[in-house]
Amino acid sequence: MTNKLVLVDGNSIAYRAFFALPLLNNDKGVYTNAVYGFTTMLLKVLEDEKPTHMLVAFDAGKTTFRHDTYKEYKGTRQKTPPELSEQLPLMRDLLQAFNIAFEEVENYEADDIIGTLAKRAAADGWDTKIFTGDKDLLQLVDKNILVSLTRKGITNVDTYDLAALNEKYGLKPAQIIDLKGLMGDSSDNIPGVPGVGEKTALKLLAAHETVEGVYENIEAVSGKKMKEKLIENEDQAYMSKKLATILTEVPLKTKPEDLPLGERNMEQLTELFKELGFQSLLTRIGGEEAEETIEMEDLEVEKVTELTSGMFTEESALVIESLEDNYHHAEIIGGAVANDKGVFYLTPELIKENSTFKEWAKDPDKKKIVFNAKRAVVSLGWQDIPLAGAAFDVQMASYLLDPGASSHDMADIAIRKNGMQVQADEAVYGKGKKQQVPGEEVLSQHLGRKAAALLDLKKELEKELEENKQLELLTELEMPLSLILGRMEKHGVAVDKEELRKLGDSLTERLNEMEAKIHDLAGTSFNINSPKQLGEILFDKLQLPVIKKTKTGYSTSADVLEKLADQHEIIQEILLYRQLGKLNSTYIEGLLKAINDKTGKIHTMFNQALTQTGRLSSTEPNLQNIPIRLEEGRKIRHAFVPSKDNCLILAADYSQIELRVLAHISQDKTLIEAFRHDMDIHTKTAMDVFEVEKEEVTSEMRRTAKAVNFGIVYGISDYGLSQSLGINRKQAQRFIDKYLESYPGVRDYMQNSIDEARENGYVTTMMQRRRYLPDMTSRNFNLRSAAERTAMNTPIQGTAADIIKKAMVDMDEALEKSGIDAKMLLQVHDELIFEVQESQVEELSKLVIKVMEQTLELDVPLKVDADYGKTWYDAK
DNA sequence: TAAGTCACGC
DNA sequence: GACGTACGTGACTTAT
C-alpha cells in the first residue's frame, strides 16, 4: 500500500476557522472558535483521507528569509488578534493528544516546510495531500501532490490536481509564482506590477508562460500603458515572483517517514475536549459513550398501582409520554406526576382508566406544569381524556426566553438551567429503527426524573421570564394559544379526496407526456428529477452555457433555467415539469397520504416553539404552504372543503400587516399618513422612490417598489433585492437608499434597532418576544450584516406574529360568546381560515374583521379582508 | 441516514 | 475584495 501523507497549513486553517466561526468561548471565558474549527477540520481530514502519515506546519517568528529580500513583506498585515493568538497553544496541545506531528522552523514559513516535505514524499513515490486556505500552495500541485483549499467554512474544500488547476486558471503549478509576480498579493504585501490584476496576468501568462517570457517578448505586449508599466516595474516583478516562491529545500531534519500517524491519546483528548467545552465532539471521537449518560443517582419514583387523591396537590408537574413524533396517532407509553408529595410513575392503563387521575386531569383549578402542553392535551384528547389546568409550559418558557437556543429538549434545558439532570430521550429510547420502549424500571426512572425536573425548571424559568417582562407573553398569549391550536389540529381540515385524485390523474397524465417530450428533445432518456443527470444533459450534451455551479456540480435551479429559456426549447418544458411534479408529489400524493384513516380529515401539527421570529410553523403536512401564486397550483385549494354540510370556508387576512407595524414602530410620518389614507402602499412607495406623481407610476415601477417593500419586510440584503429584481447590487442598493431617504423615520428606526441589538444583545417585539443576536459583534462581515438585518426585521415580523396570535386568542373567545357555529381551522402567518354554517357566514365575516382589526391599537389602522366560498379556493 | 438540491408559502 | 445572504417544510436523489 502506498503511503499517504497529509500536510496541513496550521496558521492558515486557524485563521480561516477564527473568522468563519462566531467567537465561541468555554465556561472559563477562553476563546475556542479557532480551535473548534481546527478540530472539526482535523477530524474530517482523518476520516476522509485516512492518512498513514501527517504533519501540521506552523509559521515561526515574525521575520523570515523573505524579509531579507523585501523588508515590507507582509508589512500591511494586521497584528494577529489576541483572541486568536491565545488559541494557538491549545491547538498544539490538541495535536499532541491526537498524536499528530507538528513543526515550525525559524526563518521559514509553514508553506516552506510543507513544500519541502511534499517534494521529498513525492520523490519517494508517496501520495500527498495539502490542506490550506492559501492559494499560493497551488504551486506545489503535481502528479501525486494534491492541494485542498478551504472554500466556505473550514470543512468544505476544493481539491486541485493538475487538471483542475489547468481548468480553473489555465496554468501549470509552476506558473502560480509567475502569476503572483505579475499581479502581486495584497495580503502578503507583495507588490507585483501595479495595474496588473488577475485577468491581465492570466492573459500575459497564457501568451508567454512565465515572467521571464513576458519580458523577453515585451514588444509583443499590446497596450502602450501596459508595456510602460511592465518595463518600469521589471525588478519588482522578479522580486515578487521570488517572494511568492515556496522553498522546497528547507534544511529540515524531519523526513516524511518520521511522521507516522500515531494512536490517539483518548484520555488526554477527552480531557482537553471537556475543558474546551466541545460536547458534540466528545461523542464524535467515541469511546465516551459511558460518559455521555449523565451520572445520576437514583431518584425515588413510586410505581403506584392505586391512585389516591392525596397524591395530587394544587400544583403538580405532569409528564405524558409518547414516542411517535406525530401525536395525532401516538401511543401513550406512560406518565409521571411530581409534587411535594413525591414522584409517581403512571402506567398507560392508569392514565387511560383510573378515575382519580382523570378527575384531577380535567380539573382546571388543579394546576399542571408540563412540557409541551399541546402535545399532552392532544394526545390525551385522542383517547377522550380531557386535560385542563396546564398552567406553565416549560418548553414554551424556554423558547420565549431564547428562541435561538440550541435546542428546547427537556434534557438540554435541564443542563442549561441547572435543573435536576435528565437523560436525553434518544439515550433512553434509541432512535430510528432501533427505537423502543425500555423496561418499566428504566422508564419510570426516566419519566419520574422528567416530572421532578419540571418542578425545578418552572421556578427558574418563571423567574427569568419575570425579569424579562415576558411572563404575560407566556401566560396570556402563548399558553392560551397552544390550547386553541391543539383544538384546531384535532378538529382537522376536511379534504375532498376525489377532487385530489382527479387533479392528480390529470397531472400524472401531463407529466408522462412531458417526460416523453423532454427525453425526445434531449435525445436520450434520463431522470429529470436528478439535478446531476439534468445538468449533464443541459450543459455537457446540449452545451448550454453554465450560469452557476453548486458545490456538487451544475446548478439547475429555476433562476438559472429561466436565463436559458431562449436557448433551447427543452428549458420551458423542464420548468413546467418541475412545477407540476412538485404539485403532484408534495401536494396531491402528500396530502392524500396525510389523511387520517379514522376522521378522513387532515390534522396538521403547528409547532409553536420553533421559529426565530415568533411565527408558527406547520408539519405533517405543512398546511402553510399550499400553492396560491400560480393558477395550476391554486387548484389544489379546491380540495379543501368544510367538514359539515351547509358550511362554507371563510378566509380573513391582514392587509400589509408588516408594513403597518413598521409604520407604527418607526413612527415615520409619510408611512403613517399613507396607511391612514389607506393608499396602495406599493404605488405610494413607487411615487416616493421614483419621485413621480401617482398617475405616472408604471406597472414596472410598482413591481420594483413592491420588491423593495418585500425586502424591507423580510430584511433581505442588497444582494437579495438584486436577485429578486434581476438587477445588479449597486442598483439594488440605490433603491434601498432612495427608500430610506423617502422614509427618514424608517431609517432612524433601522439604526436604532441595530444600536439596541448591539447594546443589549437582543431585540424585542411589541409583546416582549425576544431574539438574541450574538453575531452583532462578529468580525465576520457576513455574519454581522445578517445580524444587523435581523435586528431591523425581527421586531417587525415578530410583532406581526404577536398580533395575529393575539387575534386568535381574542377570536376564540369572541366565537364562543357569539354562538356562531364556526371553527377556526388554520393560521397562515397573516390569515385565519374558518369553516362556518352558511347561514352565519356574514355574521362571522363581520366578527372576524372586527376582532382582527381591533386586537391591538396601533397608530395606523389594521386592515383585514375576508372572503368565503364553498372551498378554500373560492375564499379569495 | 444524511446531505444536497429544488420548490412551495408568507 | 471575499464572504453569502428572510423564515419555514417536504420531496427527491445520491452517497454512505
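**Figure 1. The cavity found in the predicted model.** A search of the whole structure, a predicted model, turns up one cavity of 30 Å³ or more. The space in the largest cavity comes to about 30 Å³. Its lining consists of V493, F640, I649, L825, L826, I833 and W872. By class, that lining has seven nonpolar residues, no polar residues and no charged residues. Rolling a probe the size of a water molecule over the atoms shows where empty space is left.

**Figure 2. Surface of the protein around DNA strand B.** This view takes in 25 residues around the strand. T556, R578, N625, I628 and R629 come nearest. Of the atoms of DNA strand B within 4 Å of the protein, 86% belong to sugar and phosphate. Helix α27, residues 569–594, gives the largest share of this surface, with four residues. By class, the surface near DNA strand B holds seven nonpolar, 10 polar and eight charged residues.

**Figure 3. Polar contacts to DNA strand B.** Which residue places a backbone N or O atom 2.7 Å from a phosphate oxygen of DNA strand B? That residue is I628. Two side chains address base oxygens of the strand instead. In N625, a side-chain N or O atom is 2.8 Å from a base oxygen of DNA strand B. In Y714, a side-chain N or O atom is 3.3 Å from a base oxygen of DNA strand B.

**Figure 4. Surface of the protein around DNA strand C.** Here 27 residues surround the strand. S530, E620, Y714, Y719 and N782 come nearest. Sugar and phosphate make up 62% of the atoms of DNA strand C that come within 4 Å of the protein. By class, the surface near DNA strand C has five nonpolar, 15 polar and seven charged residues.

**Figure 5. Polar contacts to DNA strand C.** A polar backbone atom of Q612 is 3.0 Å from a phosphate oxygen of DNA strand C. S717 works through its side chain: a polar atom there lies 3.0 Å from a base oxygen of DNA strand C. A side-chain N or O atom of N625 is 3.5 Å from a base nitrogen of DNA strand C. Which elements give two or more residues to the surface near DNA strand C? They are α25 (531–541), α27, β18 (617–619) and α36 (781–818).

**Figure 6. A cis peptide bond before P621.** The bond from E620 to P621 is cis. Its omega is near -5°. P621 sits in the loop between β18 and α28 (631–634). E620 is also one of the residues that come nearest to DNA strand C.

**Figure 7. Backbone at N99.** N99 is a residue other than glycine with a positive phi, near 65°. Where is N99 placed? N99 is in the loop between α5 (88–98) and β3 (101–103).

**Figure 8. Domains of chain A.** Chain A is divided into domain 1 (4–169 + 247–258), domain 2 (298–486), domain 3 (494–602) and domain 4 (658–796). The centres of domain 2 and domain 3, taken over C-alpha atoms, are 44 Å apart.

**Figure 9. The span annotated as a coiled coil.** An unreviewed UniProt entry lists "coiled-coil region" at residues 444–517. In the model, this span is 91% helix and 4% strand. Its end C-alpha atoms lie 61 Å apart.

**Figure 10. The span annotated as a palm domain.** An unreviewed UniProt entry places "domain: DNA-directed DNA polymerase family A palm" at residues 633–840. Over residues 633–840, the chain is 59% helix and 14% strand. The end C-alpha atoms of this span are 30 Å apart.

Technical notes:
Residues are numbered from 1 along each chain as its sequence is written. Chains are lettered from A and ligands numbered from 1 in the order in which they are written. This is a predicted model: local features need pLDDT of at least 70, side-chain atom pairs count only at pLDDT 80 or more; totals for chains, interfaces and linings use all residues. Side-chain values use heavy atoms; hydrogens and water are left out. UniProt positions are given in the numbering used here, feature names are shortened, and annotations may be inferred rather than shown by experiment. A residue is near a molecule or strand if one of its heavy atoms lies within 4 Å of it. A polar contact is a pair of N or O atoms within 3.5 Å; within protein, one must be able to donate a hydrogen and the other to accept it, and residues adjacent in sequence count only if both atoms are side-chain atoms. Ala, Val, Leu, Ile, Met, Phe, Trp, Tyr, Cys and Pro count as nonpolar, Asp, Glu, Lys and Arg as charged, and the others, Gly among them, as polar. On a 1 Å grid over the protein atoms alone, a cavity is a set of points where a 1.4 Å probe fits but cannot get out, and a pocket is an open set with protein on both sides within 12 Å along at least five of seven lines; lining residues have an atom within 4 Å of a point. Grid points are joined across faces, edges and corners, and a volume is the space filled by probe spheres set on the points. Domain bounds come from an automatic or database domain assignment.
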